[in-house]
Every structure is written in C-alpha cells, then in structure tokens.
Amino acid sequence: MLYNSTQNANEVVSSAQAISQGISKDGGLFVPQEFPKYDENTFRELLKTDYKGRAKKIFSDFLTDFTEDEISDCVENAYTSEKFGSENPAPINYCSIDGKCLNVLELWHGPTCAFKDMALQILPHLLTKSLKKTYDGKTAVILVATSGDTGKAALEGFKDVENTKIIVFYPVDGVSPMQKHQMDTQDGKNVRVCAIKGNFDDAQTGVKKIFTTKSVSDKLSAGNMLFSSANSINWGRLLPQIVYYVSAYCDMVNDGKIEFGEKINVVVPTGNFGNILASYYASLMGLPINKFICASNSNNVLTDFINTGVYDKNRNFFTTISPSMDILVSSNLERLLYKLSGDSDNITREWMTALKTNGKYEVTDDVKAVIKDKFYGGYCDDLQTKSTINELFTKANYLCDTHTAVAINVYNQYVKETGDNTVSLIASTASPYKFSRAVLEAVAPDCTLPETEFDMVDKLFEISNSPVPAPLANLKNKSSRFFDVTEVNGMESYVLGALEIE
C-alpha cells in the first residue's frame with residue numbers, strides 16, 4: 001500500500017513516510033493509492049472479533065510496511081480498558097425518543113473525553129515506529145492547531161514520548177473554559193501550549209505555513225529535527241477513525257439492531273471534515289452506508305458547499321457553543337475532492353489554489369452530482385442546539401454535548417425533509433461536561449449559573465445524575481502551566497524559540 005499527495009501524484013511514499021511527514025512537501029495531503037475491498041466473508045469474520053481485532057485487521061491492510069507484531073503492539077497499547085473504561089472504547093448507546101431509537105456512537109470515553117482520543121492514543125505508537133523506519137535518530141516536532149479537543153488529546157498522547165516534542169496553538173477566545181484548562185494544565189516535559197490572537201482557521205493556516213516554509217524546515221533539519229502533525233491532515237490520525245465505523249456496524253449487527261448487509265446512514269457533527277471522511281473511506285472498503293449526513297453549526301460553509309458545489313470561506317465567522325466546529329476551512333475536504341475528481345492532482349491543486357488566493361472555488365457538475373447523491377448538509381444555531389439538548393434530556397434522560405446535539409438536530413431535519421427512516425448511526429464526539437455551561441443552560445434554563453466551570457460541572461451532575469468522567473473531575477485542583485499568547489504572525493518565531501533554534 002503506497003500513498004501519494006493530493007496535489008502531486010508523483011510524490012509517492014510508504015505509510016511510515018506519510019505518518020512521519022504528516023503533510024506533503026507541496027502542501028497536499030497523503031491519500032492511499034487504493035482501498036482494500038472487504039467482501040461478505042471479511043465482514044463476517046470481523047463480526048466474530050472485538051474492537052482491537054477489527055483495528056488490527058484494518059491497520060494491517062493499510063500499513064503494509066508494518067509487521068503484524070508492530071501493529072498488534074500499537075493497538076494493544078492504545079485501546080486499553082484503563083484508558084477507555086471498557087474493552088470496547090467506542091460503545092453505542094441505544095437511547096429512545098418519541099418511540100424512535102437513536103443509535104449514538106459514544107466516542108468520548110478516552111482520557112480527554114473527546115473523540116480525538118480514538119486516534120490520538122494510537123498515533124504516538126504509529127509515529128514512533130514510523131520514525132524508526134524512515135528518520136531514525138531524528139526528533140519529531142508535532143505542531144497542532146486546535147479548535148479545542150485535538151490539542152488536549154494530542155498533548156495527552158504525546159506527553160513524554162521519546163524523540164518527540166509537541167507545540168499546540170489554540171484560539172484565545174475560541175475554546176471552552178474546560179478545554180482551555182485541560183490544555184494549560186498538561187503534564188509532560190516535551191509539551192508547549194500557546195494561545196493565538198485569532199480563530200482556528202488562523203491557527204490552522206499558520207501551522208500549514210510553518211510546515212511548508214523551507215527556511216524553517218532547514219533550521220529543524222540542522223538540529224536533527226523534523227516537523228510532523230497530529231491534526232487530521234496526518235494519515236495516522238484519519239486511519240484509526242475508519243475503524244470505529246466498521247466496528248460500530250459490526251456491533252449493531254451483533255446487537256440485532258440491523259441485518260447483516262443492511263445499509264445505514266451516518267450522521268457526523270463536522271468541522272474539519274476528517275470524521276465524516278473516515279466513514280466515506282469505510283464505505284469505499286465495502287461498509288454498507290446509504291447517506292452521509294454532515295451536520296454543521298452556524299459556521300455552515302460545508303452545508304452550503306454540499307448544497308451548491310461552491311466552497312466560499314468569505315463569510316462571517318461565528319463563535320458558538322460547539323467550538324470544535326467553528327471552522328471555515330475544512331482541510332480534509334481536499335481528500336474527498338481528490339477522490340471524486342478521479343484522483344486528479346491537477347484539478348485538486350487548482351481548487352486548493354483558488355481557495356488560498358480567492359477564498360472560494362466551485363467544483364465541476366459531475367462532482368456536484370456525486371456529492372448531492374451521497375451527502376446531506378444541514379446546520380443549526382446555538383438556540384436550536386440547546387433546544388435539542390433539552391429535548392433529549394427531558395424525553396430520553398440522555399445528556400449530550402453541544403456538538404452531538406448539532407448532529408441530532410440536523411438528523412431530525414433530514415428525516416423530516418426526506419422521509420428517509422434508514423437506521424442511522426450518530427457520532428457523539430465529546431462528553432457534555434466539557435461544555436458544562438452551555439449544557440447546563442440547556443437542561444435547566446431557569447437555573448442560576450454557578451461562578452466557576454467546576455461548580456457548573458457539579459450543578460450539572462446534581463441535575464442530571466450523569467457520571468462526571470474522572471479525567472475532568474481530576475482537573476479541578478490542577479494549576480495552569482502555560483500562559484503564552486502570540487499574534488498569528490508570531491507563530492513561526494514562537495516555534496523556533498520553543499525549540500531553541502532561532
């Protein structure tokens with residue numbers, strides 16, 4: 001299995017190279033040249049095993065330059081019951097509302113209580129093995145732009161990992177207080193955290209610019225270092241996300257919720273497009289998926305794109321109660337467009353260049369037609385999000401976070417609009433306690449809000465009796481370590497200074 005860049009098909013690398021490097025030298029993203037095809041017999045075998053067994057099978061088909069023992073070691077060390085609370089790190093909650101079952105795939109039982117743990121607990125293992133295969137002796141500098149959850153999950157995954165350093169940038173006013181406290185209190189000798197005076201798109205653009213600036217790369221090389229990424233632009237982040245869609249389908253069959261071979265819909269709250277892209281990739285392998293329902297908040301650039309074929313980031317940016325989706329440049333959409341354009345690096349590069357120069361591009365009619373056929377785009381605002389949280393809690397006694405509520409709201413819009421009652425799997429991406437203020441305001445609108453974030457957590461537990469995840473409860477008495485703030489144009493200098501190579 002080899003990989004090439006979405007913007008230069010002649011740049012062909014192994015999986016270890018793709019994971020180590022993170023992003024192509026030309027700024028493109030690495031994609032597999034082909035996808036393994038799973039037939040009925042393959043899926044029947046996957047039904048018989050557990051999450052780890054399914055992960056090992058999928059990883060072995062994509063990471064062909066890894067040995068069976070290497071893959072097993074990565075999986076066994078990543079998905080432990082100590083980290084995820086059970087042998088199944090991605091359980092499905094079959095809650096019922098108005099007589100209808102919502103199949104909620106809970107992806108937030110890991111150490112940072114967000115779906116990013118599903119990939120970022122295994123990425124450090126994949127990366128360290130990849131480095132030994134490709135850049136033995138070099139230190140990997142992990143640069144991360146985060147809208148809230150990726151940062152903490154990456155910090156937790158890479159803390160004190162040998163031959164790595166990690167620097168996380170987050171928008172100073174664009175994350176929840178709990179997300180900020182998670183990052184600013186992070187343990188580890190090799191970690192740094194810095195806020196930027198801008199939004200997530202500014203952070204993401206800044207990181208990509210640093211990655212592709214030759215003078216910066218040369219300075220790192222002279223210091224026996226190289227850049228890599230823990231964002232979902234890294235193939236080692238995206239691949240693990242394919243696993244939980246395949247595994248969830250197997251669980252639904254085994255639990256009698258669907259028949260073997262029956263198609264399902266997938267509903268994903270979407271910002272950077274990686275999570276929903278993973279489900280699309282799973283379908284290319286043979287997973288029976290009927291429709292990909294892409295749920296956005298008021299930053300509805302993806303909704304408009306799915307409906308019109310025009311991607312236009314020239315619009316107002318909204319700071320919402322679902323901050324991990326406050327994104328106007330969805331990086332992983334590039335991977336989808338590459339596939340839908342017939343694996344054309346020229347066409348993909350043309351669109352991405354237009355996005356950089358004009359903030360806008362329009363895809364061809366044939367690509368529009370495929371997107372309209374396969375995807376549904378919808379969005380809701382903060383008031384609708386809170387209303388959904390309240391309704392789910394009142395009618396089903398189920399407490400969900402703001403991002404999951406966006407998914408459920410858009411799913412309801414889809415069913416009402418289309419009448420499609422296909423069994424659907426809804427991705428739940430974070431613990432409600434990571435966004436306790438907004439969730440508390442939703443379930444108890446007449447409640448007087450406590451003063452501090454952790455008092456809000458206590459109040460929300462008192463009202464809902466929904467368990468507070470230990471990793472969040474344990475943060476209460478931790479002191480902050482990081483207070484750095486920089487301008488967007490100061491990110492490069494900050495990185496060089498942190499690495500002591502200015």
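# Exercises on strand pairing and helix packing

In this predicted model, strand E10 (residues 264-269) and strand E15 (residues 424-428) run parallel and are joined by 3 bridges. The exercises below start from this pair.

**Exercise 1.** Identify the bridge partner of valine 266 in E15, and place E10 and E15 in the order of their open sheet.

*Solution.*
1. Valine 266 has leucine 425 as its bridge partner in E15.
2. The open sheet consists of 6 strands in the order E4-E5-E15-E10-E11-E14, with mixed pairing.
3. Strand E4 (92-97) and strand E14 (375-379) are the edge strands, as each pairs on one side only.
4. On average, neighbouring strands of this sheet are turned by 25° against each other, direction ignored.
5. Helix H13 (residues 274-284) lies across E10, strand E11 (289-296), E14 and E15, and runs at about 175° to E11.

**Exercise 2.** Determine how many residues of strand E6 (residues 139-145) are buried, and assign them to the faces of the strand.

*Solution.*
1. A residue is buried if its relative accessible area is under 20%.
2. By this criterion, 7 of the 7 residues of E6 are buried.
3. In a regular strand, side chains alternate between the two faces of the sheet.
4. One side of E6 carries Thr139, Val141, Leu143 and Ala145, and the other carries Ala140, Ile142 and Val144.
5. Both faces of E6 are therefore covered, given the under 20% cut-off for burial.

**Exercise 3.** Describe the pairing of E6 with strand E9 (residues 225-229) and with strand E7 (residues 164-171), and give the handedness of the crossover from E6 to E7.

*Solution.*
1. E6 pairs with E9 in the parallel sense over 5 bridges; within this pairing, phenylalanine 227 of E9 is the bridge partner of valine 141.
2. E6 and E7 also run parallel, joined by 6 bridges; here leucine 143 has isoleucine 167 of E7 as its bridge partner.
3. From E6 the chain passes through helix H8 (residues 149-158) to E7, a β-α-β crossover that is right-handed.

**Exercise 4.** Characterise the packing of helix H20 (residues 436-443) against helix H21 (residues 453-464) by geometry and by residue class.

*Solution.*
1. The two axes come within 9 Å and cross at roughly 35°.
2. The crossing of H20 past H21 is left-handed.
3. H20 contributes Ser436, Arg437, Val439, Leu440 and Val443 to the contact, while H21 contributes Glu453, Met456, Val457, Lys459, Leu460 and Ile463.
4. Sorted by class, the contact has 7 nonpolar, 1 polar and 3 charged residues.

Conventions:
Residues are numbered from 1 along each chain as its sequence is written. This is a predicted model: local features need pLDDT of at least 70, side-chain atom pairs count only at pLDDT 80 or more; totals for chains, interfaces and linings use all residues. Side-chain values use heavy atoms; hydrogens and water are left out. Axes are lines fitted to C-alpha atoms, for helices over the stretch in contact, and angles run from 0 to 180 degrees between N-to-C directions. Helices (H or I, at least four residues) and strands (E, at least two) are DSSP runs, numbered from the N terminus. A crossing is left-handed if the near helix is turned anticlockwise from the far one by less than a right angle, and right-handed if clockwise. Contact means heavy atoms within 4.5 Å. Ala, Val, Leu, Ile, Met, Phe, Trp, Tyr, Cys and Pro count as nonpolar, Asp, Glu, Lys and Arg as charged, and the others, Gly among them, as polar. Buried means under 20% relative accessible area, exposed over 50%, partly exposed in between (1.4 Å probe, protein chains only). Two strands pair if DSSP finds at least two bridges between them. A crossover is right-handed if, with the strands pointing away from the viewer, the path from the first strand over the helix to the second runs clockwise.
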